[in-house]
Amino acid sequence: MTDITYISPEIMMEGTLDVTSAKGSTVVLAGHYKGEMRAIDVRLETGSSFTGKIFAQSTEVGGKVNGDIETKSLKLTSSARFEGAILTDELAIDVGAEVSGSISKLQKA
Amino acid sequence: MAEKMTTIGAGAHFKGKISNASTIEVSGVVEADVATEKLTINESGTFGGSIHSKLVVVSGSYDGNMIADSVWLMPSSRVSGEIKYKSLQLDRGAALNCRVIQNWDEKATPETKTTSPNDDETALANSKDNSAEKA
């Protein structure tokens with residue numbers, strides 16, 4: 001449980017968060033975040049808001065996002081409000097999600 | 001998981017600002033200025049930056065300016081910087097290399113120098129502050 005980074009609903013965080021050093025690390029955002037986030041798994045919960053850039057292996061979005069997501073697999077749930085650029089190999093969008101911006105495949109490094 | 005508790009997991013590194021928080025638990029590395037109700041720095045946790053909190057519990061490393069009502073320094077804690085506190089518990093084994101100031105009073109700080117001469121407590125605190133500056 002100490003491996004999970006959880007940002008609670010009332011909180012406002014601004015800056016850079018890097019959890020790629022520990023394998024299998026998860027970030028769950030229920031609050032508000034502005035800046036850059038690097039992790040293995042990122043989950044943006046319903047009611048959360050994110051502005052900035054996300055780099056992850058798998059990402060699930062249920063909140064409001066303004067910015068770019070670069071991830072191997074991405075799921076936008078029905079409560080997602082996304083605006084920005086998506087770079088992903090696997091994409092799932094639930095009915096009800098609002099998406100505007102660009103979607104493209106990850107560049108093979 | 002407690003709804004209002006924010007955790008910075010082991011292996012996580014955050015740099016920036018945290019505001020409007022109620023409870024924060026740090027197991028990773030945080031370089032930030034934080035205003036919160038309760039802050040815990042776990043044994044694996046490292047925190048650098050200013051803290052404004054009601055309660056601070058340190059088991060890991062801390063470096064910065066801390067302003068807190070209650071401070072609890074556990075045996076494994078390593079602290080440097082400055083602590084302004086109202087009550088402090090220091091466990092045997094805690095490594096404390098910092099300036100500690102007890103009973104800091106917000107009314108006595110230079111930013112809000114609206115002291116009335118009748119306020120003995122404030123006047124006393126101010127005179128203490130002045131003598132500390134001269135020394």
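User: How many bridges join strand β7 of chain A to strand β8 of chain A, and do they run parallel or antiparallel?

Analyst: In this predicted model, 12 bridges join β7 (residues 64-76) of chain A to β8 (residues 81-93) of chain A, and the two strands run parallel. Strands here are DSSP runs of E of at least two residues, helices are runs of H or I of at least four, and both are numbered from the N terminus; two strands pair if DSSP finds at least two bridges between them.

User: Which residue stands opposite A:Ile69?

Analyst: A:Ile69 stands opposite A:Ile86, which lies in β8(A).

User: And what joins β8(A) to β9 of chain A?

Analyst: Seven bridges do, and β8(A) and β9 (residues 98-104) of chain A run parallel; the bridge partner of A:Ala85 in β9(A) is A:Ser102.

User: How is the numbering done, and what is filtered?

Analyst: Residues are numbered from 1 along each chain as its sequence is written, while chains are lettered from A and ligands numbered from 1 in the order in which they are written. As this is a predicted model, local features need pLDDT of at least 70 and side-chain atom pairs count only at pLDDT 80 or more, whereas totals for chains, interfaces and linings use all residues.

User: Switching to the interface, how many residues of chain A are in contact with chain B?

Analyst: 22 residues of chain A are in contact with 24 residues of chain B, where contact means that the C-beta atoms, placed from the backbone, lie within 7 Å. The largest share of chain A's side, seven residues, comes from β2(A).

User: What does β2(A) pair with in chain B?

Analyst: β2(A) pairs with strand β2 (residues 13-19) of chain B in the antiparallel sense over seven bridges, and A:Leu17 stands opposite B:Phe14 in β2(B).

User: How confident is the predictor?

Analyst: The predictor gives the complex an ipTM of 0.89 and a pTM of 0.82. The mean pLDDT of chain B, on the predictor's per-residue confidence scale from 0 to 100, is 83, and 75% of the residues of chain B reach 70 or more.

User: Which element of chain B has the lowest mean pLDDT?

Analyst: Helix α1 (residues 120-134) of chain B has the lowest, at 51, and strand β5 (residues 46-48) of chain B the highest, at 97. Where pLDDT is low, the predicted coordinates should not be read in detail.

User: Why does B:Gly49 count as partly exposed?

Analyst: B:Gly49 counts as partly exposed because it has 19 C-beta neighbours inside 10 Å; with C-beta atoms placed from the backbone, 20 or more others within 10 Å would make a residue buried, 12 or fewer exposed, and anything in between partly exposed.

Terms used. Two residues are in contact if their C-beta atoms, placed from the backbone, lie within 7 Å.
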